[in-house]
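Hi everyone, thanks for making room for me today. I'd like to walk you through one protein model, so please have the sequence and the 3D view open.

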Amino acid sequence: MATALGMRRAARWLAGAGVLMLPACTTLDPADALLPPPARSVAPVSVPSPKAPAVVPVGHVETATDERDAPPAGAPASLPTVPPAEGQGKPLPITLPTALSLASASPLDIQIAGERLRAANAALDRAKVLWLPNVGLGIDYFRHDGQIQDVGGFVFSTSKTSFFVGAGPTAVFSVGDALFAPLAARQVVRSRQADVQTARNDTALAVAEAYFTVQQARGEVAGSIDALRRADELVKLTQKVAPDLVPTVEVNRARAESARRRQTLESAYERWQVASADLTRLLRLEPGTLVEPAEEPSLTVELIDPGAAPDDLVPIALTHRPELASDQAVIQATLARVRQEKARPFVPTVAFRGAGAQVAGLAGGYFGGGFNDELGKFGGRFSFDLQAVWEIQNLGLGNRATVRERAAEQRLALLQLLRTQDRVTAEVVQAHARVRRSANRLRAATAGVADAVETAEKNLRGLVPGKRVGDQLTLVFRPQEAVAAVAALDQAYRDYYAAVADHNRAQFQLYRALGHPAQCLMNAAAAPTATTVPAADPK
């Protein structure tokens, strides 16, 4: 009952997620990208909505005019029951919507990207106030004994003391830095914002992949238990007909197959525990728990229509992938730095310093002094120095070299954008291929499970005396045929659950490859317009 309730909840979430899975919910507006991608650049396109997610109910098979683009078939009606996690460790019940929601709560990759964004914002704030002076407060005590020279060149001996207490401004900045540094820093902030979105998308994909790996392992556990049950039954049936109808060695063959099935079961439990540890690591949950999804392992998710052509999907990805927005912002930052270095020889460096004390820094305050140790004649004092200096570095050769360096950084950022474009395009094509091929594999695996179950049942029922050959009775099926049928059934279960997991992973990989924001998935559980997918008829 709890499992059915969990499946209904998953169905409501997955069906309602289509309402939110639209580019309008992205936090990165493609129109904000100041530099369009070169080479394969595309104009903003009208992005079609992804196919409404749906859960393929157990026992339901959808038909399509083109088998290559047909959705995956429904789960076979004869799938074994998944055992509870209580007997193998501390269970941790969870659903796919919950896992995706937790993906934005505390994963370290998102926190690291967030801290980088905060650092970039702090650098932008600092760049905006480069022209503002520093203010110093302090005291200055000065004592001199011995020879000294006055402004007229006369050298004489004296002893004197002075004391100053006050404050003063100090500002030394390049006008070019004050103008262009905020422009570059602002683009760095835009790049870091896109990096945060990239971290969210990547984390959501990693969580989904880990979740479906857990589901695959659970399904393999269920299949291994069913295969082991049939192998044990085969041992008993073989013992009944040996040695009268079959040699005793057939009993050993059946026992060996049973032992292999036990090893396969232990390996399946191991994969379940390892996959659970990976998922709890990503979500930063209690370590050592055994994740137990509420949905059945045969649950299939449809996010993107596999019939969509890659040529239609690539422009969507090139418009919406945050990695491209990040690279474009980096290019804008490097262009601002190039302009900054080109303008440096033509704009001054401004220096404003207090000169009210022996050492520059204190401009106004209370000053007094006298001969020897005498301190007197105190009164107010205010002195400052303002300079504007045009600097040509290394006779202009230093400025020229710096400009070439900044231009090389700009070209490097452009090449990085081109490389990211190629990677995004390849990811879309690869993910689309996985979606289509995994759907084909799933249909084949579904039929394979049904045939393998029927074959195993008939072989086990056929281990009874059949027709007479001469003076001897013969079996309808030989034990070695039943052994092969049990092994084929175990392999069919593993192929089926691997195909289901690969199909679900491919759907999320394609969704992420298109650049849709992870918030659409993580907030979909709260969609008020979610609809319920009707449950399959148990008949």
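I'll go through the strands, then the salt bridges, then the helices and the core.

One thing to keep in mind from the start: this is a predicted model.

Let's begin with the strands. Find strand 6, which covers residues 364-371. Which way does strand 3, residues 155-174, run against strand 6? The two are antiparallel, and eight bridges join them. If you want one pair to look for, take Ser162, whose bridge partner in strand 6 is Gly369.

Strand 6 also pairs with strand 7, residues 376-382. That pair is antiparallel too, and it is joined by five bridges. Here you can look for Gly364, which has Phe382 as its bridge partner in strand 7. Now follow the chain from strand 6 into strand 7: they make a hairpin, with four residues between them. In that turn sits Asn372, with a positive phi of about 50°.

Next, charges. Side chains with opposite charges can pair when their charged atoms come close. How many salt bridges does the model have? The count is 28, and I've picked three to show you.

Start at Glu323. Its side chain forms a salt bridge with Arg321, at 2.9 Å from N to O. Are these two buried or exposed? Glu323 has a relative accessible area of 9%, so it is buried. Arg321 is at 2%, so it counts as buried as well.

Glu323 has another partner, Arg512, at 3.4 Å from N to O. Why might you zoom in on this pair? Because Arg512 lies in helix 9 (residues 479-513) and Glu323 in helix 7 (residues 322-343), the salt bridge ties together parts that are 189 residues apart in sequence. Arg512 has a relative accessibility of 15%, so this residue is buried too.

The third example stays within one helix. Arg494 and Asp490 form a salt bridge at 2.9 Å, N to O. Both lie in helix 9, four residues apart, which is about one turn of the helix. Asp490 is buried, with 1% relative accessible area, while Arg494 is partly exposed at 24%. Elsewhere, salt bridges with shared partners link Asp202, Arg321, Glu323, Arg423, Glu427 and Arg512 into one network.

Now for the helices. Please find helix 4, residues 175-241, and look at it together with helix 9. Their axes come within 9 Å and cross at roughly 170°. Angles over 145 degrees count as roughly antiparallel, and therefore that is how we describe helix 4 and helix 9. What kinds of residues make up their contact? There are 16 nonpolar, nine polar and nine charged ones.

Last stop: the largest nonpolar core, which has 48 residues. The ones with the most contacts inside this core are Trp272, Leu279, Val428 and Phe508. Several elements supply at least two residues each, including helix 5 (249-283), strand 4 (289-293) and helix 8 (397-461). Which helix gives the most to this core? Helix 4, with 10 residues.

So helix 4 appears twice on our tour: in the contact with helix 9 and in the core. Thanks for listening, and I'm happy to rotate the model for anyone who wants another look.

Technical notes
Residues are numbered from 1 along each chain as its sequence is written. This is a predicted model: local features need pLDDT of at least 70, side-chain atom pairs count only at pLDDT 80 or more; totals for chains, interfaces and linings use all residues. Side-chain values use heavy atoms; hydrogens and water are left out. Two strands pair if DSSP finds at least two bridges between them. A salt bridge is a side-chain nitrogen of Lys or Arg within 4 Å of a carboxyl oxygen of Asp or Glu. Buried means under 20% relative accessible area, exposed over 50%, partly exposed in between (1.4 Å probe, protein chains only). Axes are lines fitted to C-alpha atoms, for helices over the stretch in contact, and angles run from 0 to 180 degrees between N-to-C directions. Angles under 35 degrees count as roughly parallel, over 145 as roughly antiparallel, 65 to 115 as roughly perpendicular and the rest as oblique. Ala, Val, Leu, Ile, Met, Phe, Trp, Tyr, Cys and Pro count as nonpolar, Asp, Glu, Lys and Arg as charged, and the others, Gly among them, as polar. A nonpolar core is a set of buried Ala, Val, Leu, Ile, Met, Phe, Trp, Tyr and Cys residues joined through side-chain atoms within 4.5 Å.
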